[in-house]
Amino acid sequence: MADRANFVVVRESGEYELYLSRWGAAGLDLDLLAGPAASLSMVQRLRADGWWLDDTCCQGAALIDLGRKVLLLFAWEGPSTVMRYRAAFLELLGEAWPGWDVRWVHDGPAELRTYLGLDPEHVRDRGSGTFRGPLLEPDDEELAEPEPMVAVVTVGPDRCYAVANVADHPVREGAALLHRLSGGPEHGVCRVSADAGIHIDPLRRRVGWWVLGASAEAYEVPARWPGWTVEFWQDSWQEHVRLAPDRFQPPPVDRERALAGIRTAAARAGAALAGRAAGDGSDAGPSAHSGRAGTAAIRGSRTASGQGNRGGAGP
């Protein structure tokens, strides 16, 4: 299973170069903690390619705009997509890129193309339909993982469900999601460190949702809920907790411990990346080794299953 990623470098002239790595998505976030110079060097060791990965194939990406000093990024895995590490990672990333406008993009490669003034439809996979993650039982082994691949779904003040976050975000199902949940396994209170979530208020016909990775067509979700008010909270899982305090109670975040964990992982990733740079330079991608070394230090691999199996052809 590849971990495909696109990298874009925008020159001061406004011209851009597109790079492709078949393995670069794994550990992409940790690699970027090396700062602008090292990240640019890492990207330029990849193969320049005109191939834009689509919504279902692109598992991570970064755009480095040298003229405007803007960094755009997203990933499907890594500490940046883990609830207890998310804020700490973004804090350290900002420190590593001083003077830069660092932004997480939630609509995947389409958002990068929009930034460049290109048509986002080029990377849309409109014909693939909606892939639904299964509902999990309260005793499902996935929920016992430190960082389970789970989307928490709360309905009104008294219902909570867990959906395996291995496919599309459940918000993409529209109001049909309520029918699927009816009679499904309820959890009482969800206390997991989820990586996505949605709160549904049937009485007020309001929906709020969030994701720590990226979700295709993220800003088109309201069209899937006609007659409802839809709010996209981006990565603000705290808003979900605020609206469903009796149903969603994730573990507390220890900022200092999170910072220490990411620094350790980043150091290991940096050492692996330096060794890789002195190696054969093949298109295994710099992150194939550095990223996994660092990511494994704090959370273990998530590449064997899950979002990486959603489909799409790709190179």
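Me: Angles between axes run from 0 to 180 degrees and are taken between N-to-C directions. On that basis, how does α2 run relative to β1?
Reply: This is a predicted model. In it, α2 runs at about 115 degrees to β1 (5–10). The helix lies across β1, β2 (16–21) and β4.

Me: What makes the buried residues of α2 line one face of the helix?
Reply: The buried residues of α2 (residues 36–44) are Ser39, Leu40, Met42 and Val43. Looking down the axis of α2, they fall within an arc of 160 degrees, so they line one face.

Me: How are the strands of the six-stranded sheet ordered, and what makes β3 and β6 its edges?
Reply: The sheet is open, with the order β3-β2-β1-β4-β5-β6 and mixed pairing. β3 (47–48) and β6 (101–104) each have a single partner strand, so one side of each has no neighbour in the sheet.

Me: What makes β4 and β5 a pair?
Reply: A pair needs at least two bridges. Strands β4 (residues 60–65) and β5 (residues 70–75) are joined by six bridges and run antiparallel. In one of these bridges, Ala62 is the partner of Leu73 in β5. Helix α4 (residues 108–115) packs on the sheet, where it touches β4, β5 and β6. The direction of α4 makes about 165 degrees with that of β5.

Me: Why are Cys160 and Cys190 called a disulfide?
Reply: The cut-off is a pair of cysteine sulfur atoms within 2.5 Å. The sulfur atoms of Cys160 and Cys190 are 2.3 Å apart, and the two form a disulfide. The torsion about their S-S bond is about -130 degrees, so the disulfide is left-handed. Cys160 is in strand β8 (residues 159–164) and Cys190 in the loop between α5 (176–181) and β9 (196–201), so the pair ties together parts that are 30 residues apart in sequence.

Me: How do you know that Cys57 and Cys58 are not bonded to each other?
Reply: For Cys57, the closest cysteine sulfur is that of Cys58, at 8.5 Å, which is too far for a bond. By the 2.5 Å rule, the count comes to one disulfide.

Me: Which of these cysteines are buried or exposed?
Reply: Buried means under 20% relative accessible area. Cys160 is at 1%, so Cys160 is buried. Cys190 is buried at 4%. Cys57 is buried at 1%, and Cys58 is buried at 1%.

Me: Why is Ser193 called buried?
Reply: Ser193 has a relative accessibility of 8%, under the 20% limit, so Ser193 counts as buried. Ser193 is in the loop between α5 and β9. Leaving out residues up to four places away in sequence, Ser193 touches Met83, Arg84, Pro146, Glu147, Pro148 and Pro251.

Terms used: Residues numbered from 1 in each chain as written. Predicted model: local features only at pLDDT ≥ 70, side-chain atom pairs only at ≥ 80, totals over all residues. Heavy atoms only, no water. Buried < 20%, exposed > 50% of the residue type's maximum accessible area, 1.4 Å probe, protein only. Helix = DSSP H or I, 4+ residues; strand = E, 2+ residues; numbered from the N terminus. Arc of directions from axis to C-beta. Contact = heavy atoms within 4.5 Å.
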